[in-house]
Protein chains: 2
Amino acid sequence: MSSYDLKKEVTDKYSLRGRVFNRLREDILSGKYKENEELKEVAIGEELGVSRTPVREAFRQLELEGLIQIVPNKGAYVTGITAKDVKDIYMIRSSLEGMCARLATENITLEQLEELEENVYLASFHASKGHMEQMTELDNRFHHILYEACNSKMLENLLQDFHQYVIRIRKKTLSTKERGIASNEEHRQIMEAIKAKNPQEAERLATLHMNNAYDNMVKNGLYDIYKKED
Amino acid sequence: MSSYDLKKEVTDKYSLRGRVFNRLREDILSGKYKENEELKEVAIGEELGVSRTPVREAFRQLELEGLIQIVPNKGAYVTGITAKDVKDIYMIRSSLEGMCARLATENITLEQLEELEENVYLASFHASKGHMEQMTELDNRFHHILYEACNSKMLENLLQDFHQYVIRIRKKTLSTKERGIASNEEHRQIMEAIKAKNPQEAERLATLHMNNAYDNMVKNGLYDIYKKED
DNA sequence: TCTTGTATAATTGTATACAATAGCTCCTGT
DNA sequence: ACAGGAGCTATTGTATACAATTATACAAGA
């Protein structure tokens, strides 16, 4: 399981356009296409064995997803993420994740709560071992469960949309075993607050969790952001 | 000036695709195309004098904007907004508008602040006269100034994206002269808090402003929402 | 009457041909 | 030397032809 298959599939997976879209998103998020790299319609089409038409339609969608920028009559370029963007993303997420945790407290099902508990339990093992890849998976899943549990398609989709940024930000930063352990403890507290049916506390902790994640990045100077502001 | 020209122009305005996109968005927001109505590629193309290609590309973008839903091999349908959606939208907006007002307090320019003051002053006149159309324009502009002033492209774009929902929600609800007057007073308070460089108060008031707007809708039972939840 | 199969039409999905635009090379004139 | 432009090339923008899929109508059979 890849680390970014949680993103909602907005497009028809089985059409050529859908396949191009998903493939390009994957390639951009995985870093195959670097920031500011130009994507050419024919080249992409030939690589995937399709004509320009589905490629162009996929481009239009990727543009609205924020992954590429299309300059009329010139070309499509992979967008960059600035340090300011990262800051704003975490600021917005801290608020929305808090809201999500609050709503989840009131709407979570028993099954979801159990999966959350299992997730935290399993993550504590991998955190202590320093298994970063598994931690990433479990972190994604933890938040994804909350998105589903908040009972708001609007909020769920919005937070899902931020996921592509999270993936790209992770590529630019280092995550340490220490942060993994701390993060796991924060997840545990959020889960306990939800289990205790304390929405205010769940919201507070989820917001704090995002702020801590951001502060940790800044404190350790782990940025590797080269693109300048426009 | 139409009431929904504040939306960011993500697409090339002067390409056929851009023209189709903007025209279709306008027509959906204005209510020309009703909820759940099917949009046919050839019909749209003939109406605008273009081939199916730019129409299809515009469709793909409108899908990601949330204005239409594309069912593979079937067609494109105008999306509906449920009462639950409206609730969620205002909940999310109340948080984000608060954040925006807080940031705007710290980043607003003198020119923007002056336009804000002028906006509030002019709106108080139209509010007292019950000029609803002008009120709508000035309300859009008031919030748009704050979006620009918050100095966060991420947040600005996000709040702009919500604008299309606001327009469609307004179509479904009635706004009264009384609410116009109250709203104008709330705008004035937000503006004063920003002018006084009090970010906490600006955030609190902006959040309250959204909650009041929603409560007012609910209290007056002004919903005209017919689409059922899926 | 209801179901089901089939032919037909309507519509979307994709490939390709052609048009328009941007960028580059290289030539020319001063 | 160098500014500027003609012309070529590469690339995107659009239209159209064809393929695949879905909806519809209608008839046959239970």
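Biologist: Which residues lie nearest the centre of the second largest pocket, the one lined by 41 residues?
Modeller: This is a predicted model, where local features need pLDDT of at least 70 and side-chain atom pairs pLDDT 80 or more, while totals for chains, interfaces and linings use all residues; side-chain values use heavy atoms, without hydrogens or water. Residues are numbered from 1 along each chain as its sequence is written, with chains lettered from A and ligands numbered from 1 in written order. On a 1 Å grid over the protein atoms alone, a pocket is an open set of points where a 1.4 Å probe fits, with protein on both sides within 12 Å along at least five of seven lines, and lining residues have an atom within 4 Å of a point. Nearest the centre lie A:T136, A:D139, A:V166, A:R170 and A:S175.

Biologist: Happy with that! Which element gives the largest share of the lining of this second largest pocket?
Modeller: Helices are DSSP runs (H or I, at least four residues), numbered from the N terminus. Those of chain A that give two or more residues to the lining include α4 (83-107), α6 (132-149) and α10 (199-219). The largest share, eleven residues, comes from α6(A).

Biologist: On to the DNA: which residues come nearest to DNA strand C?
Modeller: A residue is near a strand if one of its heavy atoms lies within 4 Å of it. There are 20 residues around DNA strand C, and those that come nearest are A:L16, A:S51, A:T53, B:R52 and B:R56.

Biologist: What share of the atoms of DNA strand C within 4 Å of the protein is sugar and phosphate?
Modeller: The backbone does feature among the polar contacts (pairs of N or O atoms within 3.5 Å). A phosphate oxygen is 3.0 Å from a side-chain N or O atom of B:R60, and another contact joins a phosphate oxygen and the side chain of B:K40 at 3.2 Å. Of the strand C atoms within 4 Å of the protein, sugar and phosphate account for 68%.

Biologist: And DNA strand D: which residue has a side-chain N or O atom 2.7 Å from a base nitrogen there?
Modeller: Among the closest of the 20 residues surrounding DNA strand D are A:R56, B:L16 and B:K74. Sugar or phosphate supplies 69% of the strand D atoms within 4 Å of the protein, and the rest belong to bases. The side chain that lies 2.7 Å from a base nitrogen belongs to B:T53.

How values were computed: Polar contact = N/O pair within 3.5 Å; in protein donor to acceptor, adjacent residues only side chain to side chain.
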